[in-house]
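I opened this model to look up its folds, its sheets and its charged pairs. The entries below follow the order in which I checked them.

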Amino acid sequence: MEAWHGTRPTGSPDPMTVCLHFFGEPQAERDGKRIAIPLKKAEALLFYAALEGRVPRDRAKLLFWGDKDEALAANSLRNSLHVLRRALPDNCEVDRRSLLVKGIVKDLDRIPKLEDPSVPIGPTFLDEPLQGFDALGGPEFDAWLGLTRNILRGRVAESLRTRAAACYERGRFDGRTEALSALLTLDPFDEDSVLELMESWHERGYTAKAVSLYENFRTRMQSEIGIGPSSRAEAFLRRIAGGTAASQPIGERFCCREAEVERIVSFLSDGRRELKLVLVHGEAGIGKTSLVNRALALNAARGTDILAARPELLGPPAPYSAWNGLIAHMGKRLEERGIPVAPSDRSALSGTFYGFSRRDVSPGTGGPPSPTPFGLGRIVSRLLDSLASNTRLILVLEDLHEFDLQSLLLLEAVLTKMESALTVLLTTRPEGAAAIGEMLDRLKPSLPHRSLRIPLGPLDPAETLKFCRSFLPDDLVSLKGAEYFVRGSEGIPLLLAEMLRSLSEDPDGDPSAGLAKTIMARMKDLSPTQRRLLEALSAFRGSGSLEDVALFLNLSPGELVEPMEGLLRKKLIHETADGDRLLADFCHANVRDCVYESLPGFKRREFHRRIAEILSARYSPRVWNPTLSAALRHHYRMAGLRTDELKLHLSEMSFHIALNHTLFPLIEDRVLHSCSIPFGGREETEFKIAQVRELLGETEGTESVERTRMEASFLELWGGYRINWGDYRPGRALIERALALSRQHGFDEIRLHCLEHMGHRFLQTDESARLKDTGRAIVHLAKRLGKEHHMGLGLRFLGVHRMIERDFEGAERILAHSAALFEDLSLLGRNYTLNLLAPRCYIGETRQWRGDPDGAMEHFCACIERCSDAGFFWGLSHFHAHAADAALDMGCWNLARDHIEEGVTLFESCRGGHCGSLLYSLKAILDARDNRPDDVRTSLEKGDRLSAIGKRSWCAAQLMAKAWAASMAERGELDGERLGPLPGTPQSYAGESAALYSAIGAERRARFVRRTFGVE
């Protein structure tokens, strides 16, 4: 395999050669091993110098620290250069004027190899170049970054085009298809590549696949950039599709409702700069979506951005789920235009919406507390304003009656906070019209706004007849008579359309007996495979891919291609894209429901059982895929498999809590690396807990050991979650109930997890004796069960017990034993990097408390390097916070600032995951020294929230920060009004802080606090 993965290329024997990866997440390697660079700006400077050659120091300061004063920028640059020299001593030439990077090879040097069809493409070159470097520098660096990414993507695209041409000349269909598909991954709007790929599929006989590709391309262009394909592309489609229904553009089959269309188009086109709201409401099948699409086709000029939101199809809607698609498209548009997203905003959005910037979010990472709908509304409206600054923006939100409460509140918040002229089209059924109307009436946006409400009723007799004559021969319409169509359809466009389709295929048929009979009559003319396919799709409810449906029917995907083509031509089904997967679904939900309801109950249940079996094969609780999870829960429920549904909820809840609310999750590295679960916050956790409680309640009275085991597991998880957030009384009650069930039924593993949670509680509250008893109990039980990793955890608890007792030598000895146990496990291929580093971080704390900040710094930096080297971001912000605290004892404010900035950036960009209050306590001090009262207030608020668990060392640092802020405000060095009220005096805060530091044995810090604030 010639695709480059970072190993030193042949012909580069120098062992000092460093390989730089520019595609995907940037990283440096030597001899296949990653080189850890703790500071992100230092890493960005390395890659900048690797491309641009010698970099003057003044240029570097302007790029990365242009917003800071000269002295601070110079200090920050020196720290970054020191980090680079330490990491790459033979490759960084630094003098008083410049930086030069030498002795390197770059993955981008391998781009020309892509032209050779015999060389695998590999996924790396299709990733966004230099991921994670956004918002690291000033405007100059952002401009360089955007230009560099475009150049690198362009070079890859050119090589792929050459590769596709070479495959065509050699008659290699698969190679050409792969190259064209890769081009579309780089640029989904590359029309030439779309047409070439369509031609390739068509020549091999896969016309349906070619047509589906085009439909997805056309839909995406319309929704994301507001234009359609060229006339050349439309002509090409008609040629290969032969005029089938699938080849007809949006709006071509629209009929009637001209007055409503005219009202909407006139309303939207009046040229006023204001918020315009259109609400279309009517019964199912009345034509709401067709009306909106027609109005958009006539009004959305070139350059218009269209973002759409729709509710989830399966199961009870999760909070904000209706907005996921719209937010995902918004994120893509922001990336395409190079519009930066603040780290805190990215954290909030990526932790709430499954589709937002997933590739920039490391597995299992955390962030700030869950935002409210109005907090999210401020973020979303601000980003929409950025998109709307140089283009027209249209939002389409359909089926508002199916929106969850949080999605509706978010809609109101977004509309209230928007400052740009925005067009919003809303649809709902009658049951939701009154509530949505009331919301529009109470809107108080920052811009003038107007609303237009379009109620849709059935077509009148004249419109019904006009509709019929648009699609049937006049003689057939006259033969049947107007009354036949009016009475048979009741003026409902969906039912009328089905009647007309049925008559166009069988003029002698009788489709006038209602929608269900019409649909079933049409199905009689289908092949047995097509009928089975429709029945299967009715149970899949929009989540069925070609491969899944083929597996369900015990057929190969190839055997379904022709039946699918026939159903596409009949406009019974359509294809949609879910990432790289193509899904099939009915063109209208009412048709799907008719087919589904025609199935006997026992058959439906068996269908759902079989679908659940198929979906579960590609499901993992480690991978965040709420769509798949919701589908699986739905099918378990419909199949009557309540136990399986409960197990699924518990497995997701277990990973969610471990990865979002635990500082050092006791999980193997290989499992952590396979996770893609973003920070969900307490609101999502509470939602998951409520779901499990409801399911347990529904199964109450079912006496079985398995049900009892699941109840005990739930109580253990819930109790541990409450303890992690300092809710000790309810947490203890839940854990004690779980322990009672575990002892009664012999659930030893659950009992072990309960002890783990109790240990964390006593660690957080500094209850030494109880922590010792719990640590010993964990070691004893883990030894009996053969759980070596839990033995390491128990030893850590025993080491911290010695720390609390101020027996620092004994603590270091036990903590080193805990770390050694995890090192031994790593030799056996069982790596627990985070739990190996946790005791080493505590050893660093003991060194610092004993008055050895240099020794402490050595331990903390080693933790940072090892954690980065393992590819983890859990705990990094925590280690950076402790390094900053040690730097404060050393008197190195600039070093402390670098660690705080790195830690905060990691945490708030959803890459740090977990930290204590120490990070924000120290940030508050730095904010105060920089005279930023608003930031001081925010940092203190975050510190208060995180230190509420009561850990003495955290509370001491938070009190010291308050003393600092209050003292500077008292001296007039900080704006007290903007800072807000602090009820205590500098001396009272300092006295409490010093007392706590003395209590834990940190006498050096206690003396520093007393001396700084004049406390006796």
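**Entry 1: whole chain**

I counted 45 helices and 15 strands in the protein chain. Helices (H or I, at least four residues) and strands (E, at least two) are DSSP runs, numbered from the N terminus. The model is predicted: local features need pLDDT of at least 70, side-chain atom pairs count only at pLDDT 80 or more, and totals for chains, interfaces and linings use all residues. Residues are numbered from 1 along each chain as its sequence is written, and side-chain values use heavy atoms, with hydrogens and water left out.

Of the 1016 residues in the protein chain, 56% are buried. Buried means under 20% relative accessible area, exposed over 50%, and partly exposed in between (1.4 Å probe, protein chains only). I noted an accessible surface of about 41,700 Å² for the protein chain, with 50% of it belonging to carbon and sulfur atoms. These areas come from the Shrake-Rupley method with a 1.4 Å probe; for residues, only the protein chains shown count as cover.

I then looked at contacts, meaning heavy atoms within 4.5 Å. Among those between residues at least 6 apart in sequence, 69% join residues at least 24 apart.

**Entry 2: the four-stranded sheet**

I traced an open sheet of four strands in the order S3-S2-S1-S7, with mixed pairing. Strand S3 (33–35) and strand S7 (104–106) are at the edges with a single partner strand each, so one side of each has no neighbour in the sheet. Neighbouring strands here are turned by 35 degrees against each other on average, direction ignored. Two strands pair if DSSP finds at least two bridges between them. Strand S1 (residues 18–21) and strand S2 (residues 27–30) are joined by three bridges in the antiparallel sense. I picked out one partnership: Leu20 is bridged to Ala28 in S2.

**Entry 3: the three-stranded sheet**

A further open sheet has three strands in the order S4-S6-S5, with antiparallel pairing. Its edge strands are S4 (55–56) and S5 (92–94), each pairing on one side only. S4 and strand S6 (residues 98–101) run antiparallel and are joined by two bridges. Val55 is opposite Leu99 in S6. Helix H1 (residues 40–52) packs on the sheet and touches S4 and S6, its direction making about 75 degrees with that of S6. Axes are lines fitted to C-alpha atoms, for helices over the stretch in contact, and angles run from 0 to 180 degrees between N-to-C directions.

**Entry 4: a covered strand**

Which residues of S10 point one way, and which the other? Leu393, Leu395 and Leu397 point one way, Ile394 and Val396 the other way, and all are buried. In a regular strand the side chains alternate between the two faces of the sheet. Strand S10 covers residues 393–397, and five of its five residues are buried.

I checked its partners next. Strand S9 (residues 305–309) runs parallel to S10 over five bridges, with Ala309 bridged to Leu397. Strand S11 (residues 423–428) also runs parallel to S10, over four bridges; there Leu395 has Val424 as its bridge partner.

**Entry 5: salt bridges**

My search of the whole structure found 66 salt bridges. The criterion is a side-chain nitrogen of Lys or Arg within 4 Å of a carboxyl oxygen of Asp or Glu.

Lys40 and Glu43 form one of them, at 3.1 Å, N to O. The two are three residues apart in helix H1, about one helical turn, and both are buried.

Glu128 and Arg149 form another at 3.4 Å, N to O. Glu128 is in the loop between S7 and H4 and Arg149 in helix H4, 21 residues apart. Glu128 has a relative accessible area of 15% and is buried; Arg149 is buried at 8%.

Lys923 and Asp927 meet at 3.0 Å, N to O. Both lie in helix H40 (residues 918–929), four residues apart, and both are buried. They belong to a salt-bridge network with Arg897, Asp930, Arg932 and Asp935.

**Entry 6: a charge without a salt bridge**

Arg163 is in helix H4 (residues 139–170). How far away is the nearest side chain of opposite charge? Glu178 is 4.1 Å away, and Arg163 is buried with no salt bridge. For charge, Lys and Arg count as positive and Asp and Glu as negative; His and the chain ends are not counted. Leaving aside neighbours within four places in sequence, the contacts of Arg163 include Glu115, Asp116, Glu178 and Ala179.
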